[in-house]
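Here is a set of short exercises to work through with the structure open beside you. Try each task yourself before you read the solution.

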Amino acid sequence: MPPRVAEPYEVPASLWNRPDTLTALRTRDVGAVFRLVRQYGGLSQTAIGSLTGYSQGKVSAIMSGSQQVTALEVFERIADGLHMPDQARMALGLAPRDLAAAPIPRQDSRPESPPPTVGLVRHGEDETEVRRRDFVGLAGAALFSAVVDQPLTRDEPSADADDLAAALTEHPAAGPHLPELAQLAAAVVRAKRSYQACRYSEVAAMLPALIRSLRLACVTLDGESRLKAHALSAEAHHVAASILLKQEDKGLAWLAADRSVHAARASESPLMMGSSARIITHALMDGGHHRAATGMASSAAQRLNAALSQPSPNDLSVYGTLLLRGAVAAARHGNRHTAAELLDEAEDAGRRLGHDGNHMWTAFGPNNVLCHRVNIALTLGDPGTAIENARRIDLDALPVNERKATVLLDTSRAFLALGKHDRALHILRTAGDLAPEEITTRPATRRLVRDILATAPISIRREAREYAESLGVTA
């Protein structure tokens with residue numbers, strides 16, 4: 001083995017502040033990180049391998065893109081070997097060495113107090129831009145601290161603005177008081193409902209305290225109560241990962257999804273394990289691991305189906321949603337055959353269910369399957385088929401606003417791909433009226449607004465520009 005690299009080969013601190021380095025870290029593109037270390041740090045492939053525990057050949061494969069890094073423990077080893085500062089570690093989705101690097105915003109626990117904002121309104125900003133920036137701040141600070149398991153302290157305030165906040169007040173003799181399991185279950189329901197209603201700032205504000213309380217419950221309770229606490233923790237981390245995926249924080253979203261899966265396993269509930277497999281599949285897709293995501297979703301669906309002799313609505317909904325996740329992943333990998341097979345199986349599950357419900361918070365049913373047909377047709381480069389499927393959807397039958405807004409945005413993209421900017425803009429506005437934060441806080445949606453603005457014909461250019469300006473989006 002080559003000798004350990006000496007201190008003269010240490011990566012310069014300035015590298016970790018570069019925008020391209022931070023982008024590579026946030027997307028967990030280790031190949032790009034290694035290339036930047038070589039280019040700006042002067043380290044050879046052998047030197048990088050010595051610092052990170054790899055052979056020169058392995059480093060070369062990662063840098064060329066023929067091999068990828070996905071395991072959390074390997075990210076930790078790379079971060080340690082390259083002596084990443086806390087800013088870089090956090091961008092990679094890892095806990096900082098100094099947990100004070102990710103402070104939790106202090107909040108007033110009184111129910112009548114509004115959720116706190118992060119920063120002040122800048123000159124010229126409107127309320128939309130402030131809401132977007134506040135959401136990013138909440139997701140990037142308080143949620144980070146909660147997801148990476150920062151320990152509870154006796155003087156730490158609650159971040160929930162409702163009953164959970166009062167339940168976390170100081171007990172005179174025993175330290176933080178653990179809320180009743182029923183209170184925690186009710187808080188999880190509130191978080192799920194807020195997410196599905198696209199009230200992302202609201203749910204981001206309540207999640208940190210909820211996650212910490214559930215962690216405390218998981219180590220304090222025993223028997224059936226502990227299993228229930230683990231199931232609730234799986235749900236809470238599922239919501240956290242979903243919000244972070246919308247905000248395109250890939251590293252931290254992966255960590256939250258991983259926490260959800262581990263909690264689901266600890267709950268010993270096959271149904272909860274299947275439910276959490278949905279979010280880890282989504283995280284894999286978001287990281288570009290489409291083949292792995294297809295395999296994971298399909299395998300989880302098969303395991304769940306094999307264990308069911310007389311499936312309940314919950315069983316059918318989780319099973320069907322896993323099939324839909326797998327179909328989307330297969331489409332992103334360009335595998336039309338597998339995507340079509342999984343869609344057809346999901347459609348059969350929807351027929352067996354017989355309605356569009358929200359069992360296990362899936363929003364699954366026949367219309368949800370059609371929503372995924374829209375997305376998959378668009379992914380496979382067939383916007384005309386996407387629009388045909390969109391016209392078959394009974395939007396009112398979809399049980400949650402998040403799903404309605406998502407299919408409207410996909411339909412807007414389909415019309416834009418066909419050059420029908422007026423229709424694309426009209427549907428985008430409809431989605432914004434239905435779910436404002438789906439437009440104002442999501443980078444992907446703001447890119448859609450920018451695409452419409454940049455290519456709009458003269459006939460609607462002014463309308464597109466005024467709408468974009470109302471959202472703070474420029475071409």
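**Exercise 1. Charges over rings**

Task: Find which ring arginine 423 lies over, and at what distance from the ring centre. Then find the ring under the charged end of arginine 77.

Solution: This is a predicted model, and these distances are computed from its atoms.
Step 1. Go to arginine 423: the ring below is that of phenylalanine 415, and arginine 423 lies over its face at 5.2 Å from the ring centre.
Step 2. Move to arginine 77, whose charged end sits over the ring of tyrosine 54. Here the distance to the ring centre is 4.8 Å.
Step 3. Check the cut-off: a charge sits over a ring only if it is within 6 Å of the ring centre. The values of 5.2 Å and 4.8 Å can be held against that limit.

**Exercise 2. An aromatic pair**

Task: How many aromatic pairs does a search of the whole structure find, and is the pair of tyrosine 195 and tyrosine 200 stacked, tilted or edge-to-face?

Solution:
Step 1. The search finds one aromatic pair.
Step 2. Its rings belong to tyrosine 195 and tyrosine 200, with centres 5.5 Å apart and planes at 50°.
Step 3. Planes under 30 degrees apart count as stacked and over 60 as edge-to-face. At 50°, the pair is therefore tilted.
Step 4. Look at the surroundings too: tyrosine 195 and tyrosine 200 are both buried.

**Exercise 3. Cysteines**

Task: How many disulfides does a search of the whole structure find? Are cysteine 218 and cysteine 371 buried or exposed?

Solution:
Step 1. Recall that a disulfide is a covalent bond between the sulfur atoms of two cysteines.
Step 2. Searching the whole structure gives zero disulfides.
Step 3. Buried means under 20% relative accessible area. Cysteine 218 is buried because its relative accessibility is 9%. Cysteine 371 has 1%, so cysteine 371 also counts as buried.

**Exercise 4. The largest pocket**

Task: Describe the lining of the largest pocket: which residues are closest to its centre, and which helix gives the largest share?

Solution:
Step 1. Start with the space: the largest pocket holds about 1000 Å³.
Step 2. Its lining has 38 residues, and those closest to the centre are His282, Arg325, Glu402, Arg403 and Thr406.
Step 3. Several helices supply at least two lining residues each, among them helix 10 (181-196), helix 14 (270-286) and helix 20 (401-417). Helix 20 gives the largest share, six residues.
Step 4. Sort the lining by character: 15 residues are charged, twelve are nonpolar and eleven are polar.

**Exercise 5. Positive phi angles**

Task: Where do glutamate 268 and tryptophan 361 lie, and what follows helix 2?

Solution:
Step 1. Keep the usual pattern in mind: most residues other than glycine have a negative phi.
Step 2. Glutamate 268 is not a glycine, yet its phi is positive, about 60°. Glutamate 268 lies in the loop between helix 13 (250-267) and helix 14, and counts as exposed because its relative accessibility is 58%.
Step 3. Tryptophan 361 also has a positive phi of about 60° without being a glycine. Its place is the loop between helix 17 (336-353) and helix 18.
Step 4. Glycine 42 follows helix 2, with a positive phi near 75°. Among the buried residues of helix 2 itself (residues 30-41) are Val33, Phe34 and Val37.

**Exercise 6. Apart in sequence, what about space?**

Task: For valine 74, leucine 448 and glutamine 67, what is the C-alpha separation from the partner residue?

Solution:
Step 1. Valine 74 belongs to helix 5 (residues 72-81) and is buried, because its relative accessibility is 14%. Its C-alpha atom is 8.8 Å from that of threonine 52, which is 22 residues away along the chain.
Step 2. Leucine 448 is in helix 23, and its 4% relative accessibility makes it buried. Its partner is arginine 413: 35 residues apart along the chain, with 7.3 Å between the C-alpha atoms.
Step 3. Glutamine 67 sits in the loop between helix 4 (56-64) and helix 5. With a relative accessible area of 34%, glutamine 67 is partly exposed. Glutamine 67 and valine 30 are 37 residues apart in sequence, and 9.8 Å separates their C-alpha atoms.

Key: Residues numbered from 1 in each chain as written. Predicted model: local features only at pLDDT ≥ 70, side-chain atom pairs only at ≥ 80, totals over all residues. Heavy atoms only, no water. Disulfide = S-S within 2.5 Å. Buried < 20%, exposed > 50% of the residue type's maximum accessible area, 1.4 Å probe, protein only. 1 Å grid on protein atoms, 1.4 Å probe; cavity = no way out; pocket = protein on both sides within 12 Å on 5 of 7 lines; lining within 4 Å. Points joined across faces, edges and corners; volume = space filled by probe spheres on them. Helix = DSSP H or I, 4+ residues; strand = E, 2+ residues; numbered from the N terminus. Nonpolar A, V, L, I, M, F, W, Y, C, P; charged D, E, K, R; others polar. Phe/Tyr/Trp six-rings, centres within 6.5 Å; stacked < 30°, edge-to-face > 60°. Lys NZ or Arg CZ within 6 Å of the ring centre and 35° of its normal.
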